[in-house]
Amino acid sequence: MLPTLDARLTAAAELVLPGKPVADIGCDHGKLTAVLAASGKYPRVIGSDLRPGPLAKAEQTLEHAGCKDRVELRLGDGLSVLSAGEVGTIVLAGVSAQTTWEIIEQAPWVSQVGGPRLVMVPATRHSELRRWLWEHGFALAADRPVQAAGRWYAVMAAEYTGEVRTPTFAECLFGRTAEWPEGAGYAAWQKAKLPRFRLGVPDGTELAEEIDKLLDGSPSQTR
């Protein structure tokens with residue numbers, strides 16, 4: 001029986017490029033891996049995890065879903081389980097923003113024009129991951145806000161272009177989420193955290209002024 005995905009993993013699956021191999025890095029229980037394999041959209045599906053325990057659970061999930069023969073499970077750390085050009089999309093779901101970019105940094109072949117699409121679901125610090133991506137030559141192909149288990153997530157798809165840019169605080173805070181119907185709810189959730197964050201920002205700084213404008217309801221929050 002095919003497993004049911006929550007909203008964040010469903011959104012992640014929809015951002016995977018069809019027709020090319022895909023790797024689910026840190027596949028854990030293997031639910032997303034199974035759904036990707038069962039869809040028949042990808043010539044090859046790779047699931048990996050750092051620990052044997054989760055891989056064993058993933059193998060059971062794949063067996064129950066009837067698609068064990070369509071997936072190659074690999075044990076290893078981050079992108080060390082892949083070689084350059086092996087897949088068209090890499091999924092990194094359920095880890096922190098910092099862990100996400102540290103994994104990317106350890107595989108230089110990802111940061112090349114024509115490299116794989118990255119589909120990411122950072123568990124925390126969405127804004128910081130957006131900033132890192134833009135400052136390291138990646139463009140956001142999609143930035144979808146979703147709710148799962150009572151909290152907001154940002155499901156991002158990024159591709160390396162080599163164009164480095166310095167985003168504003170507001171751009172990092174909201175990304176491209178305003179393009180989705182759920183964008184207003186996500187923006188309200190992000191703004192609700194600003195008063196506490198503002199306490200640690202010195203008055204008179206450029207960052208303080210930008211935050212104050214956002215708290216006053218400036219239209220810049222959706223741009």
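This section describes the two largest pockets of a predicted model and two residues with unusual backbone angles.

The largest pocket of the predicted model has a volume of about 490 Å³. Its lining comprises 24 residues, and those closest to the centre of the pocket are Ile25, Gly26, Asp49, Ala93 and Val95. Two or more lining residues come from each of helix H1 (7-14), strand S1, strand S2 (45-49), strand S4 (89-93) and helix H4 (97-105). Among these elements, H4 makes the greatest contribution to the lining of the largest pocket, with three residues. In chemical character, the lining of the largest pocket divides into nine nonpolar, eight polar and seven charged residues.

The second largest pocket encloses about 350 Å³ of space. A set of 16 residues lines the second largest pocket, with Ser127, Glu128, Leu173, Gln190 and Lys193 lying nearest its centre. The elements that supply two or more residues to this lining are helices: H5 (126-135), H6 (169-174), H7 (183-192) and H8 (194-198). Of these, H5 gives the most to the lining of the second largest pocket, namely four residues. The lining of the second largest pocket consists of seven nonpolar, four polar and five charged residues.

Backbone geometry was also examined. Most residues other than glycine have a negative phi. Aspartate 28, in contrast, has a phi near 55 degrees, a positive value in a residue that is not glycine. Aspartate 28 is located in the loop that connects strand S1 (22-25) with helix H2 (31-39). Strand S1 is also one of the elements that give two or more residues to the lining of the largest pocket. The relative accessibility of aspartate 28 is 35%, and the residue therefore counts as partly exposed, a class that lies between the limits of 20% for buried and 50% for exposed residues.

A positive phi is likewise found at alanine 149, where the angle is about 55 degrees although the residue is not a glycine. Alanine 149 belongs to the loop between strand S6 (138-148) and strand S7 (151-160). Because its relative accessibility is 83%, alanine 149 counts as exposed, the limit for that class being over 50%. Both residues with a positive phi thus lie in loops, aspartate 28 between a strand and a helix and alanine 149 between two strands.

Note on methods:
Residues are numbered from 1 along each chain as its sequence is written. This is a predicted model: local features need pLDDT of at least 70, side-chain atom pairs count only at pLDDT 80 or more; totals for chains, interfaces and linings use all residues. Side-chain values use heavy atoms; hydrogens and water are left out. Buried means under 20% relative accessible area, exposed over 50%, partly exposed in between (1.4 Å probe, protein chains only). On a 1 Å grid over the protein atoms alone, a cavity is a set of points where a 1.4 Å probe fits but cannot get out, and a pocket is an open set with protein on both sides within 12 Å along at least five of seven lines; lining residues have an atom within 4 Å of a point. Grid points are joined across faces, edges and corners, and a volume is the space filled by probe spheres set on the points. Ala, Val, Leu, Ile, Met, Phe, Trp, Tyr, Cys and Pro count as nonpolar, Asp, Glu, Lys and Arg as charged, and the others, Gly among them, as polar.
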